[in-house]
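Thanks for making time this morning. I would like to walk you through a few side chains, beginning with some aromatic rings and ending with a charged residue, so please have the structure open in front of you.

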Amino acid sequence: MFSTSTPVNSGSGGDSDPMRRINAPADIVHFYELDEVAADVEREGFQRVALQFPDHLLPDAGAVAEWLQRRVPDRKFFVVGDTSYGSCCVDVVAAAHYSADFLVHFGPACLAPVDGLPVRYVFGKMPLDVQLFRNAFAHSFAKSDTVTVVCEQPYCHRIEEMRRLWADEFPHVQFAEARTPGLVFPSATRSAFREVDSFPARS
């Protein structure tokens with residue numbers, strides 16, 4: 001299992017934090033899935049979009065808001081700071097203060113039911129040297145070993161590549177794939193959601 005729990009929760013925001021190794025605009029667009037966020041805004045016709053960041057990602061908030069504003073100039077984007085709840089929770093209170101009709105939650109999330117407005121969850125796409133990881137794996141496990149590889153959400157975008165790379169040499173390795181909530185709309189009940197752009201369930 002490989003995890004981002006320690007750097008995500010450290011709140012240091014320094015160079016030692018892999019969640020902060022983002023420098024070029026292209027990295028920001030990829031890491032924060034901004035093309036997908038902009039597509040949601042345009043497709044669903046959202047007008048006022050709240051962007052919620054945990055403290056350790058706040059240094060990128062200005063660049064993210066600026067990129068989205070340029071991409072969809074006829075909509076309003078604003079950053080939610082000093083949230084009313086824990087950073088893992090969607091801050092519907094702060095969003096309501098600005099009459100938001102859509103909220104994008106960046107970073108780790110508890111995925112508690114949300115009432116009142118649509119939400120997109122963006123966990124971030126962490127870089128991962130797949131070949132280096134495969135080589136380290138080969139030093140620890142034999143071809144005949146049965147192993148389940150579990151990864152946290154920011155690494156799930158590399159699962160298909162890893163699955164292909166492992167297929168011949170490690171036929172008994174399984175990859176646990178988490179579903180991405182994507183864009184969720186609150187339904188008539190607090191506990192039910194309509195999900196958009198989720199990973200399909202695997203048989």
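Let me begin with Phe78, which counts as buried because its relative accessibility is 10%, and please keep in mind that this is a predicted model. Its partner is Tyr98, which is partly exposed, with a relative accessible area of 47%.

A search of the whole structure finds twelve aromatic pairs. In the one formed by Phe78 and Tyr98, the ring centres are 5.0 Å apart and the planes stand at 40 degrees, so this pair is classed as tilted. Phe78 belongs to strand S2, whereas Tyr98 sits in the loop between helix H5 and strand S3, so the pair ties together parts that are 20 residues apart in sequence.

A second pair, Phe137 and Phe170, is edge-to-face, with 5.0 Å from centre to centre and 85 degrees between the planes. Here Phe137 comes from helix H6 and Phe170 from the loop between helix H7 and strand S6, so parts 33 residues apart in sequence are tied together. Phe137 is buried, at a relative accessible area of 6%, and Phe170 is buried as well, at 4%. Both rings belong to one aromatic cluster, together with Phe133, Phe141, Trp166 and Phe175.

Now to the charged residue, Glu33, which is found in the loop between helix H2 and helix H3. Which side chain of opposite charge is nearest to Glu33? That is Arg120, 4.1 Å away, and Glu33, although buried, has no salt bridge. Leaving aside neighbours within four places in sequence, Glu33 is in contact with Arg120, Val122, Phe123, Gly124 and Lys125.

Definitions and conventions. Residues are numbered from 1 along each chain as its sequence is written. This is a predicted model: local features need pLDDT of at least 70, side-chain atom pairs count only at pLDDT 80 or more; totals for chains, interfaces and linings use all residues. Side-chain values use heavy atoms; hydrogens and water are left out. Helices (H or I, at least four residues) and strands (E, at least two) are DSSP runs, numbered from the N terminus. Buried means under 20% relative accessible area, exposed over 50%, partly exposed in between (1.4 Å probe, protein chains only). Lys and Arg count as positive and Asp and Glu as negative; His and the chain ends are not counted. A salt bridge is a side-chain nitrogen of Lys or Arg within 4 Å of a carboxyl oxygen of Asp or Glu. Contact means heavy atoms within 4.5 Å. Rings of Phe, Tyr and Trp (its six-membered ring) pair if their centres lie within 6.5 Å; planes under 30 degrees apart count as stacked, over 60 as edge-to-face and the rest as tilted.
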